[in-house]
Amino acid sequence: MFQKRLMRIVYLVLFIIMLILLYKGFTNDPQQKAFQDNMPQPASDAPVYVMVFYEAQCPDSKNFVIKQLQPAYTRAPSLIEIQFVPYGKATTSTNADGSLAFDCQHGPSECEANIIHACVIEAVHDAKVRLDMVACMIRDNRIPKDAFYRCAKENGVEIESIQKCYDSPHGAELLKLHGEATHALRPAVSFIPTITLDGQQGRQASILKDLFGEVCKIASGRGPKPLPCE
């Protein structure tokens, strides 16, 4: 019970941070902008915070994770910090007994896959292994549990605690939190995947086609161009 409360606090903190970043990105208040301009900027070699709002059975999400996100991280892991948000265009409701229910764009199996992804994201702390797990599962997620077992074995990920997560109400609670983060995006989600870089949606078409190039533009704008971007 304590662990569940702790994880809810962690996710709430991440949610609040995301709201602050979004507010800073879209406010038109001149005083606020002046305040932001006077704030110290991150060092040029600080990681760019990449939030990936995706769906576990979405072909476009699969394409982005495998062809853009994973290669970009492989080229410069110190330059990219990833936060996965598996939910997309789903909706959340509450049943009469208080349990959570989800309606996902690609059907019930995607809801199951999204919950499994949420549990993996919570449980796997190593950034590279977490990315490799998501990429492995999204590559073939037609049978979500089979994909999880296969990918956990390939990546040396402990199975039991994650299985307990997605077989319990905790997995649904995690997905609900991802839904709240997704619905908080401004502008609102219109395409999946949607990617934010340091809290801003910016040039989505360019991000989806050349993530590494867009990350380098942000990092280079802070000062000297990072070596991986040379």
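## Starting with a cysteine

Is C165 buried or exposed? C165 is buried, with a relative accessible area of 6%. Keep in mind that this is a predicted model, so every value here is computed from predicted coordinates.

C165 is a handy way into the disulfides, and there are 4 of those in the structure. Number the bonded cysteines of the protein chain in sequence order and the pairing reads 1-2, 3-6, 4-5, 7-8.

## The C119–C165 link

The partner of C165 is C119, with 2.0 Å between the two sulfur atoms. C119 sits in helix α4 (residues 108-123) and C165 in helix α7 (residues 160-166), so this disulfide ties together parts that are 46 residues apart in sequence.

The S-S torsion for C119 and C165 comes out at about -75°, so the link is left-handed. As for C119, its relative accessibility is 0%, which puts it in the buried class because the cut-off is under 20%.

## Two other disulfides

C136 and C151 are bonded too, at 2.0 Å from S to S. Here the torsion about the S-S bond is about -85°, so this disulfide is left-handed. The pair links distant parts of the chain, with C136 in helix α5 and C151 in helix α6 (residues 144-155), 15 residues apart. C136 is buried at 12% relative accessible area, and C151 counts as buried at 0%.

Further along, C216 is joined to C229, again with a listed S to S distance of 2.0 Å. The value about this S-S bond is -85°, and the link is left-handed. C216 belongs to helix α10, while C229 lies in the segment after α10; the two are 13 residues apart and link distant parts of the chain. On the accessibility side, C216 is buried at 9%, and C229 counts as buried at 13%.

## A salt bridge inside helix α5

Now for the charged side chains. Side chains of opposite charge can pair when their charged atoms come close. The structure holds 7 salt bridges, and one of them is formed by K128 and D132, whose closest N and O atoms are 2.7 Å apart.

Both K128 and D132 are in helix α5 (residues 127-139), with a spacing of 4 residues, or about one turn of the helix. What about exposure? K128 is partly exposed, with 48% relative accessible area, whereas D132 is buried at 16%.

## A network around E214

Which residue forms a salt bridge with R203? That would be E214, with 3.2 Å between the closest N and O atoms. R203 is in the loop between β5 (194-197) and α9 (204-209), and E214 is in helix α10 (residues 211-220); they are 11 residues apart, and the pair links distant parts of the chain. R203 counts as partly exposed at 47% relative accessibility, while E214 is buried, with a relative accessible area of 8%.

E214 has another partner as well: its side chain meets that of K217 in a salt bridge, at 3.2 Å from N to O. E214 and K217 are both in helix α10, 3 residues apart, about one turn of the helix. Through shared partners, the salt bridges join R203, E214 and K217 into one network. Helix α10 therefore holds E214 and K217 as well as the disulfide-bonded C216.

Note on methods:
Residues are numbered from 1 along each chain as its sequence is written. This is a predicted model: local features need pLDDT of at least 70, side-chain atom pairs count only at pLDDT 80 or more; totals for chains, interfaces and linings use all residues. Side-chain values use heavy atoms; hydrogens and water are left out. A salt bridge is a side-chain nitrogen of Lys or Arg within 4 Å of a carboxyl oxygen of Asp or Glu. Buried means under 20% relative accessible area, exposed over 50%, partly exposed in between (1.4 Å probe, protein chains only). A disulfide is a pair of cysteine sulfur atoms within 2.5 Å.
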